[in-house]
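Colleague: I'd like to go through this model with you and ask how each label was earned. Could you bring it up?

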Amino acid sequence: MVDLKSQYEKIKPEIDAAIQSVIDSCAFVKGPAVKAFEEHLASYLNVRHVITCGNGTDALQVSMMALGLQPGDEVITSPFTFIATAEVIALLRLTPVFVDVDPRTFNLDISKVEAAITPRTRAIVPVHLFGQCCDMEPLMALAAKHNLHIVEDACQAIGAEYRFSDGSVRKAGTIGTIGCTSFFPSKNLGCYGDGGAIFTNDDELAHTLRGIVNHGMFTRYYHDMVGVNSRLDTLQAAILDVKLKYLNDYIAARQQAAARYNELLAACDKVTVPHIAPFTTHVFHQYTLQLAAGVDRTALIEKLKAAGIPAMVYYPVPLHLQKAFAQLGFRAGDFPVAEKLCATVLSLPMHTELDEEQQTMIVERLLQC
Ligand SMILES: *Cc1c(COP(=O)(O)O)cnc(C)c1O
């Protein structure tokens, strides 16, 4: 699905030098490369604060801790996402409240959010799934009206741009109260291990977030609150600082690959290609098709696999039907759009090194199935 090796080969000298310089410095934790990367990423995103941490899941958890959410508070999110989004909600003993998604963008259906707001609702976690932004402008208006926080899960959408009706543009993760991202190797800006970051324009929140990721410590060995130990290794920061320079090129390569898939699949009535909403760019963390009724997805995946082509289902089970959330008491039929997507989506290989020849071969095989 990804080709991290070829991507590395192209920037090997720079990456190797960055790694070696961290090893030479022996500043493995909180070294100067961490601060440099945070500054460079803040400038790329046009956001006041970037706080790095151990991974994207921690970024989400720490964000909810910093907002002071209390057990029993309700947090609205999507049932069609990676488990981490709702996992941290449950872990903090908050209550996940799911709202169904839009059948074309796969993101939260904003028209259904207000009906899910109760006096216990404290926050909304929109997920910019597969690389395009959720419709943030109406969501921000709802949040303001009901005095709710917004924590953006931008783990799949770093660099994606949301366009407001006044023409202004902001990057995914920098619009809500707080934004979160992941640097997991296969993400669009991936490191060589685990990593994550939190974004905010709020100075006070930034201070709190920095304390929480470092044991609730604001002055050395004085702990004002119960925090966690979640840091981005200096080695990973040095790698990311090199890769950040290429992020726009990586995004362009993904968009080009998506356009080629669209073209190659244009005449195929067995699949619906990704829809891009007019208010956002799409950075194609995944290129995800919807299969037409009657297409046997399992058989299709098997046939592709036999031809050496990986194809994946992100995600086979909606969160409300995951065993881990059985105690929440949801049933099949509660979120029909998410359920239908889980049964019909198929993601094709998508990465920065995909070329026309590979894509032609992939689509030829797909059309034969
Ligand atoms: C990857 C991902 C996460 C979690 O990030 P990790 O770094 O793997 O902890 C959370 N939400 C979404 C939507 C993701 O894709």
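Modeller: Happily; this is a predicted model, and we can take the ligand site, the salt bridges and the backbone in turn.

Colleague: Let's begin at the ligand. Which residues come nearest to the ligand?

Modeller: There are 15 residues around the ligand, and G56, T57, D153, S182 and K187 come nearest. A residue joins that shell when one of its heavy atoms lies within 4 Å of the ligand.

Colleague: What makes the approach of D153 to the ligand a polar contact?

Modeller: A side-chain N or O atom of D153 is 2.8 Å from a nitrogen atom of the ligand. The cut-off for a pair of N or O atoms is 3.5 Å, so the pair counts as a polar contact. Two other side chains meet oxygen atoms of the ligand: a polar atom of S182 at 2.7 Å, and an N or O atom of K187 at 3.1 Å. As for cover, the ligand exposes 380 Å² when taken alone, and the protein buries 93% of that.

Colleague: Which elements give two or more residues to the shell around the ligand?

Modeller: Those are α3 (56-66) and α4 (84-91). The largest share, three residues, comes from α3. Sorted by class, the shell has five nonpolar, eight polar and two charged residues.

Colleague: Let me stay with S182 for a moment. Why is S182 called buried?

Modeller: S182 has a relative accessible area of 7%. Buried means under 20%, so S182 qualifies. The residue is found in strand β8 (residues 178-182), and its side chain also reaches the backbone nitrogen of F184 at 3.1 Å.

Colleague: How do you know that H320 is buried?

Modeller: By the same kind of test: the relative accessible area of H320 is 2%, under the 20% limit, so H320 counts as buried. H320 lies in the loop between α9 (297-306) and α10 (336-344), and its side chain makes a polar contact with that of E339 at 2.7 Å.

Colleague: On to the charged pairs. What makes K5 and E9 a salt bridge?

Modeller: Their closest N and O atoms are 3.7 Å apart. A salt bridge needs a side-chain nitrogen of Lys or Arg within 4 Å of a carboxyl oxygen of Asp or Glu, so the pair passes. The two are four residues apart in helix α1, which means about one helical turn separates them. K5 is exposed at 56%, whereas E9 is partly exposed at 43%. The structure holds 12 salt bridges.

Colleague: Why does the pair of E353 and K10 link distant parts of the chain?

Modeller: The closest N and O atoms of E353 and K10 are 2.5 Å apart in their salt bridge. Yet the partners are 343 residues apart, with E353 in the loop between β14 (345-348) and α11 (356-368) and K10 in helix α1. E353 is buried, with a relative accessible area of 14%, while K10 is exposed at 64%.

Colleague: Which other pair links distant parts of the chain?

Modeller: D203 forms a salt bridge with R48 at 2.8 Å. These partners are 155 residues apart: D203 sits in helix α6 (residues 203-212), and R48 in the loop between α2 and β1 (49-53). D203 is partly exposed at 41%, and R48 is exposed at 54%.

Colleague: Now the backbone. What makes the phi of N46 worth a remark?

Modeller: N46 has a positive phi of about 60° although it is not a glycine. Most residues other than glycine have a negative phi, so a positive value is noted. N46 lies in the loop between α2 and β1 and is exposed at 54%. F284, likewise not a glycine, has a positive phi near 45°. The loop between β12 (271-272) and β13 (287-291) holds F284, which is buried at 3%.

Colleague: How do you know that the peptide bond from Y314 to Y315 is cis?

Modeller: Its omega is near 5°. Most peptide bonds are trans, so a cis one is noted as well. Y315 lies in the loop between α9 and α10.

Note on methods
Residues numbered from 1 in each chain as written. Predicted model: local features only at pLDDT ≥ 70, side-chain atom pairs only at ≥ 80, totals over all residues. Heavy atoms only, no water. Polar contact = N/O pair within 3.5 Å; in protein donor to acceptor, adjacent residues only side chain to side chain. Areas by Shrake-Rupley, 256 points an atom, 1.4 Å probe, with all protein chains shown as cover. Nonpolar A, V, L, I, M, F, W, Y, C, P; charged D, E, K, R; others polar. Buried < 20%, exposed > 50% of the residue type's maximum accessible area, 1.4 Å probe, protein only.
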